[in-house]
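Got your viewer open? Load the model, switch to cartoon, and keep a selection box handy for the stops below.

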Amino acid sequence: MHKLTKTDKIIITEFLNDSRTSIKDISKKFRISRTSISNRIKILEEKEIFGGYNIDFNPALVDLLSFTILIKTKKIPELNKLRELTRKISNIYRSHICIGPFNMHIKMYLKKMEDIHKIIKIIDEILKIEKYEYLINTQWTFFLRDYFNIGLKINKICGPYNSGFELIQKCNATELKILGLLTKNCRLSLVDISKIIKKPFSTVRYSLDRMKKEGIIEKFSVFIRSTKFDYNINHIRINTTKNNADIDKKIFEFCRKCNNVFVYHKTFGRWNYNLQVFSKTLEDTYEIAKRIQNEIFEIDKVDIFRLCEGYSQPVL
């Protein structure tokens, strides 16, 4: 288990909030030498705490739907099987072994609702499914926080974003190429992107600015393997007795005030909401779940699971 230094915690926090943040900017902001920051980033990569730099983007604006699939198999899959599954199904962008009512958590983008059943069939052939359920992510908000409570003055909301079914403005061919590169490594410089896609620097800069302004690119992020440094990324799924704007507001406000919640999802399926929580222990997450149930009486049921080892891959 890797013991995080304060510099590690600063880098992880900065990259979770915006992984395109430069070493120069972190150095200036926290008065840490560039060499020290660069060395710590290399260590975080070598220890596989950082599993890739990627983007959160609005799938509806590129004609995709966002799905979460929860699967229970006869036995917990081995890591090589999870890797094989992730590579075989190109629609998957994140997959995890998890602890809870299910033992696999998969996130993917699909063109059509009907495609989900084809994917389930492929997964069943590889891992033998006992049961599964899926959710469509319809709205989400990112909360940019001081995740380790180390005195950083960070509290910003990114969103809400809607997958909806009314598309605003789609990407052109150049923007799709840029998105594809950024899903592989969002820390690529504009100069490098310009060389790879053979477009002028000014075009790349304009396209990136437009995609951020239009909400196509929502956030630059990093794939974190929290189990390697003794923290938890957990999910709290919520069912409510009714579903309306008033309930949405109450749950959103709870998330805004709770420093541990870093992603709020409104979902369509068996569950109405899904909260992603960053906490030191699983018990901390159970405490958060208990608090939200006590504060919002319309909550009918909550379910908690912990993400363990996982993989990330580009999908565009």
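Before the first selection, some vocabulary: a residue is buried under 20% relative accessible area, exposed over 50% and partly exposed in between, using a 1.4 Å probe and protein chains only. Helices (H or I, at least four residues) and strands (E, at least two) are DSSP runs, numbered from the N terminus. This is a predicted model, so local features need pLDDT of at least 70 and side-chain atom pairs count only at pLDDT 80 or more, while totals for chains, interfaces and linings use all residues. Residues are numbered from 1 along each chain as its sequence is written, and side-chain values use heavy atoms, with hydrogens and water left out.

**Stop 1: helix H2**

Select residues 23-30, which form helix H2. Which residues of H2 are buried? Show side chains for Ile 26, Ser 27 and Phe 30 and you have them. Why do they sit on the same side of H2? Because they cover an arc of only 100° around the axis, the arc being that of the directions from the helix axis to the C-beta atoms. As a rule, an α-helix has 3.6 residues a turn, so residues three or four places apart point the same way.

Now spin to the face of H2 turned away from the buried side: there you'll find the exposed residues Lys 24, Lys 28 and Lys 29. For the cover over the buried residues, add helix H1 (6-17) and helix H3 (34-46), which are among the elements that supply it. Step off the end of H2 and you land on Arg 31, whose phi is positive, near 55°.

**Stop 2: the loop before E6, and E6 itself**

Jump to Asn 149, in the loop between strand E5 (129-144) and E6. Asn 149 is not a glycine, yet its phi is positive, about 55°. Asn 149 counts as exposed, at 58% relative accessibility.

Move on to strand E6 (residues 156-162), where Pro 160 is found. Check the peptide bond joining Gly 159 and Pro 160: it is cis, with omega about 5°.

**Stop 3: Asp 230**

Select Asp 230, in the loop between strand E7 (217-224) and strand E8 (232-240). Here is another non-glycine residue with a positive phi, near 65°. Asp 230 is partly exposed, with a relative accessible area of 40%.

What does Asp 230 touch, leaving aside its neighbours within four places in sequence? Light up Met 1 and Lys 280: Asp 230 is in contact with both, contact meaning heavy atoms within 4.5 Å. Put a distance label on Asp 230 and Met 1: they are 229 residues apart in sequence and 6.7 Å apart in space, C-alpha to C-alpha.

**Stop 4: Arg 210**

Next, pick Arg 210 in helix H8 (residues 201-213). Buried or exposed? Arg 210 is buried, with a relative accessible area of 11%. Draw a line from Arg 210 to Glu 84: 126 residues apart in sequence, they are 36 Å apart in space, C-alpha to C-alpha.

**Stop 5: zoom out**

Deselect everything and look at the whole chain. The protein chain has 10 helices and 11 strands, and its C-alpha trace spans about 50 × 45 × 40 Å along the principal axes. Buried residues make up 54% of the 316 residues. Of the contacts between residues at least 6 apart in sequence, 75% join residues at least 24 apart.
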